[in-house]
Amino acid sequence: PKLCLTGLFACTQKTISLGVPLINAIYENDPNAGIYTLPLIVWHPMQLVIGSAMAPYLVHFVKQQEDQLGRKPLIVQKLSSE
């Protein structure tokens with residue numbers, strides 16, 4: 001469950017870091033290149049806001065999935081093995 005959650009956040013944050021250089025490379029001499037990056041520049045803050053709003057629900061999801069799988073949180077596993 002934690003790996004899925006990590007993928008959810010990490011993959012969406014790659015949009016602007018890969019998209020802007022790619023658009024600049026493709027439309028190098030185009031005077032409208034700035035306009036082409038506008039959707040990415042708007043989308044990135046929206047991803048941050050939506051991700052922040054979803055965080056409490058996703059934490060609950062991870063805890064629920066770990067309970068169903070019978071896993072203990074990593075800190076508890078280390079303490080109980082000592």
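How much accessible surface does the chain have, and what share of it belongs to carbon and sulfur atoms? About 6,500 Å², with 69% on carbon and sulfur atoms; accessible areas here come from the Shrake-Rupley method with a 1.4 Å probe, and for residues only the protein chains shown count as cover.

A quick note before the views: this is a predicted model, where local features need pLDDT of at least 70, side-chain atom pairs count only at pLDDT 80 or more, and totals for chains, interfaces and linings use all residues. Residues are numbered from 1 along each chain as its sequence is written, and side-chain values use heavy atoms, with hydrogens and water left out.

**View 1. The whole chain, helix by helix.** You'll find 3 helices and 0 strands, in the order α-α-α along the sequence. Helices (H or I, at least four residues) and strands (E, at least two) are DSSP runs, numbered from the N terminus. Just 13% of the 82 residues count as buried, where buried means under 20% relative accessible area, exposed over 50%, and partly exposed in between (1.4 Å probe, protein chains only). Take the contacts (heavy atoms within 4.5 Å) between residues at least 6 apart in sequence: 68% of them join residues at least 24 apart.

**View 2. Where the predictor is sure of itself, and where it isn't.** pLDDT is the predictor's confidence in each residue, from 0 to 100. The chain averages 80, and 85% of the residues score at least 70. Confidence peaks in α2, at a mean of 87, and bottoms out in helix α3 (residues 74–81), at 52.

**View 3. A nonpolar patch on the surface.** Leu8, Phe9, Leu38, Val42, Trp43, Met46, Ile50 and Met54 make up this patch, together offering about 680 Å² of accessible area. Patches are built from residues with over 30% relative accessible area and no salt bridge, joining like charges within 9 Å and nonpolar side chains (Val, Leu, Ile, Met, Phe, Trp, Tyr) within 5 Å; a salt bridge is a side-chain nitrogen of Lys or Arg within 4 Å of a carboxyl oxygen of Asp or Glu. Both α1 (2–26) and α2 (33–69) chip in at least two residues each, but α2 gives the most, with 6. One of the members, Ile50, sits in helix α2 and counts as partly exposed because its relative accessibility is 44%.

**View 4. Glutamine 47, tucked away.** Gln47 is also part of helix α2. With a relative accessible area of 12%, Gln47 is buried. Leaving out residues up to four places away in sequence, Gln47 touches Thr12, Gln13 and Thr15.

**View 5. Two tyrosines and their rings.** The whole structure holds 1 aromatic pair. Tyr27 and Tyr36 form it, tilted, at 4.6 Å centre to centre with 55 degrees between the planes. For the cut-offs, rings of Phe, Tyr and Trp (its six-membered ring) pair if their centres lie within 6.5 Å; planes under 30 degrees apart are stacked, over 60 edge-to-face, and the rest tilted. Tyr27 is partly exposed at 36% relative accessible area, and Tyr36 is partly exposed at 34%.

**View 6. Asparagine 24 and glycine 34.** Asn24 belongs to helix α1 and, at 39% relative accessibility, is partly exposed. Its C-alpha atom is 8.5 Å from that of Gly34, 10 residues away along the chain.
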